Amino acid sequence: MTTDDIQAVLAEAVAEVAASADPAALEAARVRYLGRNGRVQDILLALREAPPDQKREFGRLANEFKNGVQAAVDARREAIQSAASVASFDVTLPGRWPGLGTRHPVTQIIDRAVEIFSQLGFVVADGPDIETPFHNFDALNTPAIHPSRDPKDTFYLDDGRLLRTHTSPVQIRVMQSRPPPVRIIAPGRCYRRDTTDATHSANFHQVEGLYVDRKVSLADLKGDLTYFARQMMGPDVKIRFRPHFFPFTEPSVEYDFSCHVCGGKGCRVCKHSGWIEISGAGMVDPNVFKAVGYDPAEVTGYAFGMGVERIAMILLGIPDIRMLYDNDVRFLKQF
Amino acid sequence: MKIPLSWLTDYIDLDEPPRAIADRLTFSGTEVEGIETVGSTYEGFVVAEVRAVEKHPNADKLSVCRVFDGENELQVVCGAPNVQAGGRYPFARVGVTLPDGSLTIKKAKIRGVESFGMLCAADELGLSSDHSGLLVLDAKWAPGTPLAKVLGPPDTVFELEVTPNRPDCLSLTGIARELAAVYGIKRKALETEDGKRKTEIQTPVTDHRSLVTVEDSSACARYTARVLEQVTIGPSPEWMKQRLERAGIRSINNVVDITNYVMLETGHPLHAFDRDLLAGGRVVVRRAREGERMATLDGVERELDPSILVIADAERPVAVAGVMGGAGSEICEKTARVLLEAAWFEPALVRATARKLGLSTESSYRFERGVDIEGVEYASRRAAQLMVELAGAKVVGEVVDTRPAAAAPRRLSGRFQAVRDVMGVALSDAAIADIFKRLEIDVQVKPEGAFEAVIPSFRGDLEREIDLVEEVARIHGLDNVPVPHPRAVVDPTAGRETTVRAKGRLRAALAGLGVSEILNYSLVSEPQLDLFDAGNKPNRVVIPRPISADQSVLRPSLVPQMVETLGRNRAHQADQAALYEIGRTFSRDEAGAVVETDRLCIGLMGPLGRAALDRRRAVTSEEIFLWAKGLLEALARGMGLGALDVKSAVAAYAEPGTAVELFAGATRLGTLALVDRRIRKEWRLTDPIAVMELDASALLARALKVRVFSDIPAFPSVARDVAMIVADAVSHDDIVRVIRAAAPPELEAVELFDIFKGPAIGAGRRSVAYSLTYRSARRTLTDDEANGYHDVVKAALRKELAAEIRES
């Protein structure tokens, strides 16, 4: 046997091993080449008979042959085994692991709003749901005869306290408790005597923002709300102010977001106006500062409120506010 | 308030399209809520004369008319009750389409009679919603005259929302002023505004000083009266009727229409009395007397009291001041002498009266918000002028005015820099001053960047510098306020936001555990609370005037609504649900003070803990209880609370024997229980339901605590199992306690791995098996050492619990 013959037998062996279709054929091939009477014996004989100066070369080739065939057999066995294991169970059966729970859209929006304003340095503040008329109305410059105080619109308790009609009393509590500057975000539940329908609910959530410092301006309000709008609704959203009137701010504005769905061109979501009314805001009225002992000559500030359910409905396309309180799992699992 | 654009242009020249004008108003603070087009070019509509009217042979309510349209005499069937022979009416010929496109007139047979066209009512012409009868046209219009010539070109009506601080905008003059400021143009002065026509309407003959007596001058700071005689009551001219109708006011007669017209024009409500129906021919402004009664113009007999200001004659009240006139002195066809009232009434008083009487009128709406006291006499003069022109009236005598001298205008000082600072806009002093001028506010520049503004009397809302800033902001335009990049400012004094972050961690943990969040209303019904726990009645916070009985108590617990939610979802064919709510609860403490507590409630329903292919079997109470407990244990670990302890407890809504109180160390967290069958029946929940209610602050207390590292064991552990048969009365807790007490400190863990009951074991007993893990922190334990520990444990179990240890 020449060295070339050994190479040829190796190639032949590798091809035969690779062609073996099942473990029995593979074993037969292995025995044929590496077995007691296999072709390897011819090679070992050739090694023994080789002239001394070629013994080394024959030895190397004999090893190469044994290792090469064994490696081919091992690889083929692995391949046959894994091919056999493929069909052993139904991979299309449903997976088995408990699922995740979902977050309510309202608390998701609240957390997102808090997160966005936290980036601007706002800290979270909280207050009670049951408020005094002082915190809910008087300190917020609401005239004694203002319609919002009417028991037709506000829930009163027997002791004269009330269920807060907005989150603005938190502004008062915070400003009473500390000197300026103040930068707070206050999410919370509010109550109004609205008969429940598709867009009204006797209780709902607001997120209140307040920023008081030297030289806080209407432009700051616009800049910060624009930042919020873009973080919340989308990078191209614009903000628009319309002058309005609230007792606790002067100047007061209502603010709109450009429609995040159509980009302002007009669609069903924005009722073809390109804009979506969000809520009210403005510069804190000097009388509010006086009520909490701040000096209106020293500081200015802005405040805004936003209806969380309203934003959730707009952003998530929820048509009826009542769906947010129905707690139907078919609804909840979508968020 | 409705403003017809064609009327508005009497006071200001506008050459922008209606949509653009509306936007200017909206973005300067007077929101245009609606833009409506009224009228049309009326192609094919003409004036027709009805020459004869006969009853329809087959219908009681229809007439058959002979109609002359200027060219032909046609037969037309008409259903209007007011059609009369000789009358002139709008007529739509065959082939004509109504302005709103709803109908094209065809030759028709109506109840067997042919009809060639249609006589029209105001609604069919798109003029108003009036369908009470045909629109009656003046006899001066010849048949065949195009209707467009009679009704004028199409018009635009703005529906405005005026904010409560701007009563001056409740008039066409006020809106014209706004637009003049916004556009920076001059508005047109009214004829009598500069006093030019003043002399023409006055014939100073009679001394009227006794005409008016004001008894309560704080409630009525100004009262003016004019006397007009030889008045001819009749319909108003078409143009006035049309304007009023477009502004949403029904035309009555010329004198009443003039008072309404001038109110819309100037914002001053006026009232005209028939002077011949006033006892003594004079008026007294006074408080009503106890027990006095009066029928108002709406025909309602009203009881009055001294909180109400009235206009009385020499004997009795004839009007509720600022709200509504009385039926007894109403202008009627026979009226010849008119006493014209223009006055100023205290806003709070008018509001209180309007509310007390449940009567809100155009007049009360304006007085409540405050009319311009200086403009009262002008409004009276303007109305008198129109009565002279349109009702043939003669003005008799001087005006009686209880406050003839004008008050000095209010002066406000301000700083230009404050305007810039609050707006965040770099406006020059001159630009700011120009805006004031456009608003008819005179400005004098003072030293050091200050100014003094002279406030016109109609702007009672401008009281402070900040009010002037707002004026500049809205006229300059909020769109022109820049949008700077936000400034992030860190508050170094702010505390750590523990609650928000801890709640975030809680919600994340619950989501990971497969529990979904819900939100329920804070207001609940008494019967529902009674169903769950009638015993907490004294502690409930009740709303004295609820919207409905369903929402009359602030919830003392989140549990009832959780069960209701599970029930509702069950009714929607959900076979399992794991839900939670974080919410505020309200109850009274022993002293009666209301306490607000944030809580977490979790509700479980269905085979949540089962393998996927084992969900058809009914869930047992034990299963769902243990799932709930397992969920809580995982949650407690996640929230840094460590192991949970349970103690049997009683809850009013619990299935007997299933309620436990939950503790983390010494802190009571809340309650876990299965809901009683009696309650579940309300929602047809046949399978057991687990509910947990935990105090949020206790649950969150350790959530953000830093967790200190402890060594990972360096030496291997040795496991030994123990299987035993014990009496049912021996609890898992008992067994673990005995094992822990007996074993050396090397006992690391005790885990139950099998539990079995059956005939082979015998009644009243069960087989349980535990795996115990022993480990030393200092070395590898030998088999002998572990066996030694384990023998001690087994002995203790035998001795203390009479356990039969099953040796393998």
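These questions and answers cover a predicted model, its chain interface, salt bridges and nonpolar cores.

Reader: How many residues of chain A are in contact with chain B?
Author: The model is predicted, and totals for interfaces use all residues. Chain B brings 75 residues to the contact. On the side of chain A the number is 84.

Reader: Which three residues of chain B supply more of its buried area against chain A than any other three?
Author: The area buried between the two chains is about 6500 Å². Carbon and sulfur atoms give 56% of that area. The top three residues supply 11% of what chain B buries against chain A. They are B:Leu478, B:Leu519 and B:Tyr521.

Reader: How do the residues on the side of chain B that touches chain A divide into nonpolar, polar and charged?
Author: Polar contacts between chain B and chain A come to 34 residue pairs, both residues at pLDDT 80 or more. The rule also finds eight salt bridges across this interface. The touching side of chain B divides into 38 nonpolar, 16 polar and 21 charged residues.

Reader: Which residue of chain B forms a salt bridge with A:Asp150?
Author: A salt bridge needs a nitrogen of Lys or Arg within 4 Å of a carboxyl oxygen of Asp or Glu. For A:Asp150 the closest N and O atoms are 3.2 Å apart. The partner is B:Arg355.

Reader: Why does the salt bridge of A:Arg103 and B:Glu517 join two chains?
Author: The two side chains meet at 3.3 Å, N to O. A:Arg103 lies in the loop between helix H4 (52–86) and helix H5 (105–119) of chain A. B:Glu517 lies in strand E25 (residues 516–517) of chain B, so the pair joins two chains.

Reader: Is B:Glu517 buried or exposed, and at what relative accessibility?
Author: The cut-off for buried is under 20% relative accessible area. Its partner A:Arg103 is buried, at 18%. B:Glu517 also counts as buried, at 0%.

Reader: What relative accessibility does B:Arg66 have?
Author: B:Arg66 forms a salt bridge with B:Glu73, the closest N and O atoms being 3.5 Å apart. B:Glu73 counts as partly exposed at 39%. B:Arg66 also counts as partly exposed, at 32%.

Reader: How many residues apart in sequence are the parts that B:Asp598 and B:Lys503 tie together?
Author: The closest N and O atoms of this salt bridge are 3.6 Å apart. B:Asp598 lies in strand E30 (residues 594–605) of chain B. B:Lys503 lies in helix H13 (residues 498–512) of chain B. The parts are 95 residues apart.

Reader: Which residues does the network that includes B:Lys503 and B:Asp598 join?
Author: B:Asp598 is partly exposed at 21%, whereas B:Lys503 is buried at 17%. Salt bridges that share partners link both of them into one network. Its members are A:Asp126, A:Asp129, A:Arg164, B:Lys503, B:Arg584, B:Glu596 and B:Asp598.

Reader: Which helix gives the most to the largest nonpolar core?
Author: That core holds 102 residues. A:Leu225, A:Tyr255, A:Phe304 and A:Met306 touch the most other members. One helix of chain A gives eight residues, the most to this core. It is helix H8 (residues 218–233).

Reader: How many residues does the second, separate core have?
Author: This core is separate from the one that holds A:Met306. Among its residues are B:Ile21, B:Val32, B:Leu179 and B:Ala219. Its count is 86 residues.

Definitions and conventions
Residues are numbered from 1 along each chain as its sequence is written. Chains are lettered from A and ligands numbered from 1 in the order in which they are written. This is a predicted model: local features need pLDDT of at least 70, side-chain atom pairs count only at pLDDT 80 or more; totals for chains, interfaces and linings use all residues. Side-chain values use heavy atoms; hydrogens and water are left out. Contact means heavy atoms within 4.5 Å. Buried area is the accessible area (1.4 Å probe) that two parts lose on being put together, summed over both. A polar contact is a pair of N or O atoms within 3.5 Å; within protein, one must be able to donate a hydrogen and the other to accept it, and residues adjacent in sequence count only if both atoms are side-chain atoms. Ala, Val, Leu, Ile, Met, Phe, Trp, Tyr, Cys and Pro count as nonpolar, Asp, Glu, Lys and Arg as charged, and the others, Gly among them, as polar. Helices (H or I, at least four residues) and strands (E, at least two) are DSSP runs, numbered from the N terminus. Buried means under 20% relative accessible area, exposed over 50%, partly exposed in between (1.4 Å probe, protein chains only). A nonpolar core is a set of buried Ala, Val, Leu, Ile, Met, Phe, Trp, Tyr and Cys residues joined through side-chain atoms within 4.5 Å.
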